[in-house]
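Visitor: I would like a close look at a single part of this protein, with enough of the surroundings to place it. Could you take me through the part built from paired strands, and then through what is packed around it?

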Amino acid sequence: YIVHRFVQQDETRYTLRLDHSISAKNKINFRYTKTPAVGVRGFGSDVNGNTAAYSDAKQILIADNHLFSPTVVNDLRLNYTRGVFSEDFSPEFSIQGGRNLATELGLPSLTSGGLPLFQISGDNLTNAFADVGSSGSTNNFNVEERFNINDVVYWSRGNMSWKFGVDLSLARLNVIPFFGASGGRWEFRTVNTSSNRSTTAANGGSNLASLLMGVPNAVQVRPLLLNY
């Protein structure tokens, strides 16, 4: 009768910077940034409603400033960023390291953690049953990488200033969809326990009875995971 809804975001940022003067004409600096974050959206419980979004971004930046002459300066920057983002279950059943309820129940699963989904709230009948577990089409694990080289030369001659440079970037995204991979989706309907395979309440049948008998109406289970 009561559902406590909440949104909780835990984020920590770590930054390390080192500066070094190689000579009077050459200076270099290094920066490393790491930002792990966990956002939990509460709806019901960890078993049948809570979801989470995980991210872990890392960035490495190396910058070199070289004074070749009083009129020529070169500024070089090398940048690498790697971000891991996932639309996942609650931390207890996280795909990348939490409990795997499907394995505990003896169901097939392709992930180390996660939940199956037992759908027992269909057919719009008068009951107080909620779905058990969770499985959304948005469950995924994404790894984004960015490589960047930026080099700019500043040249002053007389009363004029020139600027030359190059900016090269490469972006890659690896997506692993987890829909139906952590135990699948099991749909239990009244049709499987009614007297004449009807979905109307007058002919009997119960979603929960179909679940207790272990007779699903439809099953969606992933046979393998593909990286894109």
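Guide: In this predicted model, the protein chain has a radius of gyration of 27 Å, whereas a compact globule of 228 residues would have one near 17 Å. Taken along the principal axes, the C-alpha atoms fill a box of roughly 95 × 30 × 30 Å. Buried residues make up 30% of the 228 residues, and the chain exposes about 13,800 Å², of which carbon and sulfur atoms supply 57%. Among the contacts with a separation of 6 or more, 59% are between residues 24 or more positions apart.

The protein chain holds two helices and 11 strands, and from the N terminus on its elements run β-β-β-β-β-α-β-β-β-β-β-α-β.

Turning to the paired strands, β8 has antiparallel partners in both β5, to which 16 bridges join it, and β9 (residues 160-177), with which it pairs over 18 bridges. Within the pairing of β5 and β8, phenylalanine 85 stands opposite asparagine 142 in β8; on the other pairing, isoleucine 149 has leucine 168 in β9 as its bridge partner. β8 and β9 form a hairpin with two residues between them, and glycine 158 in the turn has a positive phi of about 65°.

The packing can be followed from these strands. The largest nonpolar core has 11 residues, namely Val84, Phe89, Phe93, Ile95, Leu101, Leu115, Phe141, Val143, Ile176, Phe178 and Ala181. The elements that give two or more residues to this core are β5 (72-89) and β8 (140-157). A second, separate core of six residues includes Phe118, Ile120, Trp186 and Phe188. As general background, nonpolar side chains in soluble globular proteins tend to be buried together.

After β5 comes a polar residue that is also worth a look. Serine 90 lies in the loop between β5 and α1 (101-104), and it counts as buried because its relative accessible area is 0%, under the 20% cut-off. The side chain of serine 90 makes a polar contact of 3.3 Å with the side chain of aspartate 46. Leaving aside residues up to four places away in sequence, serine 90 touches Asp46, Asn50, Thr51, Ala52 and Tyr54.

The second core leads to another set of strands. Here four strands form an open sheet of mixed pairing, in the order β7-β6-β10-β11. Because β7 (132-133) and β11 (218-220) stand at the edges and each has a single partner strand, one side of each is left without a neighbour in the sheet. Inside that order, strand β6 (residues 117-119) runs parallel to strand β10 (residues 185-187), and three bridges join them. Phenylalanine 118 has tryptophan 186 in β10 as its bridge partner, and both of these residues are included in the second core.

Phe188, another residue of that core, brings in the helix α2. The backbone oxygen of phenylalanine 188 is reached at 3.4 Å by the side chain of asparagine 207, a residue found in helix α2 (residues 207-213). Asparagine 207 is itself buried, since its relative accessible area is 2%, again under the 20% cut-off.

Notes: Residues are numbered from 1 along each chain as its sequence is written. This is a predicted model: local features need pLDDT of at least 70, side-chain atom pairs count only at pLDDT 80 or more; totals for chains, interfaces and linings use all residues. Side-chain values use heavy atoms; hydrogens and water are left out. Two strands pair if DSSP finds at least two bridges between them. Buried means under 20% relative accessible area, exposed over 50%, partly exposed in between (1.4 Å probe, protein chains only). A polar contact is a pair of N or O atoms within 3.5 Å; within protein, one must be able to donate a hydrogen and the other to accept it, and residues adjacent in sequence count only if both atoms are side-chain atoms. A nonpolar core is a set of buried Ala, Val, Leu, Ile, Met, Phe, Trp, Tyr and Cys residues joined through side-chain atoms within 4.5 Å. The radius of gyration is taken over C-alpha atoms; the globule rule is 2.2 Å times the number of residues to the power 0.38. Contact means heavy atoms within 4.5 Å. Accessible areas come from the Shrake-Rupley method with a 1.4 Å probe; for residues, only the protein chains shown count as cover.
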